[in-house]
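Welcome, and please get your viewer ready. We will begin with the whole chain and then move on to smaller selections.

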Amino acid sequence: MTAFQVILMGLLIICAVSVSFSKNLLNAILIYMSFSLVMSMLWICLESPDLAITEAAVGAGITSVLFFVTLKKIHAIDASEPDAEEEKENE
């Protein structure tokens, strides 16, 4: 096992732990996307390109887009949130 694969596995563990402790849903989705991309790179290192392409397309692509759409539909992410936070800080 190469050092690069060990680093990737370490990143997988860090992503898995950090997504479970994330309080912000948007951050959790971004961490999940990074987990899928790291897992895709690990599949490439293990010489399994078909699984790598599937992981990248489904894990980081389609699933993340569906999560973003769901957050937008339930109004968990709004374009006005940063403005509201700036107004609170100015008061």
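Start with the cartoon of the full chain: followed along the sequence, its pattern is α-α-α-α. That makes 4 helices and 0 strands, where helices (H or I, at least four residues) and strands (E, at least two) are DSSP runs numbered from the N terminus. You are looking at a predicted model, in which local features need pLDDT of at least 70 and side-chain atom pairs count only at pLDDT 80 or more, while totals for chains, interfaces and linings use all residues. Residues are numbered from 1 along each chain as its sequence is written, and side-chain values use heavy atoms, with hydrogens and water left out.

Now switch on the surface. The accessible surface of the protein chain is about 6,500 Å², and carbon and sulfur atoms hold 69% of that; the areas come from the Shrake-Rupley method with a 1.4 Å probe, and for residues only the protein chains shown count as cover. Of the 91 residues, 19% are buried (under 20% relative accessible area; exposed is over 50%, partly exposed in between; 1.4 Å probe, protein chains only).

Next, select residues 25-45, helix α2. Its 21 residues should span 30 Å at 1.5 Å a residue, and the end C-alpha atoms are indeed 30 Å apart; the expected span is 1.5 Å times one less than the number of residues.

Zoom in on the start of α2, where a side-chain oxygen of Asn24 comes to within 3.2 Å of the backbone nitrogen of Leu26. Then go to the other end: just after α2, Glu47 has a positive phi of about 60°.

Which residues of α2 are buried? Show Ala28, Ile29, Ser36, Val38, Met39, Ser40 and Leu42 as sticks. These buried residues pack against α1 (3-21) and α3 (49-73).

For a view from α1, select Gln5, which is found in that helix. Gln5 counts as buried because its relative accessibility is 11%. Leaving aside residues up to four places away in sequence, Gln5 touches Leu42, Cys45 and Leu46 (contact means heavy atoms within 4.5 Å).

Finish with the cysteines. Is Cys15 buried or exposed? Cys15 is buried, because its relative accessibility is 11%, whereas Cys45 is partly exposed at 27%. A disulfide is a covalent bond between the sulfur atoms of two cysteines. With a disulfide taken as a pair of cysteine sulfur atoms within 2.5 Å, the count here is 0.

Note on methods. A polar contact is a pair of N or O atoms within 3.5 Å; within protein, one must be able to donate a hydrogen and the other to accept it, and residues adjacent in sequence count only if both atoms are side-chain atoms.
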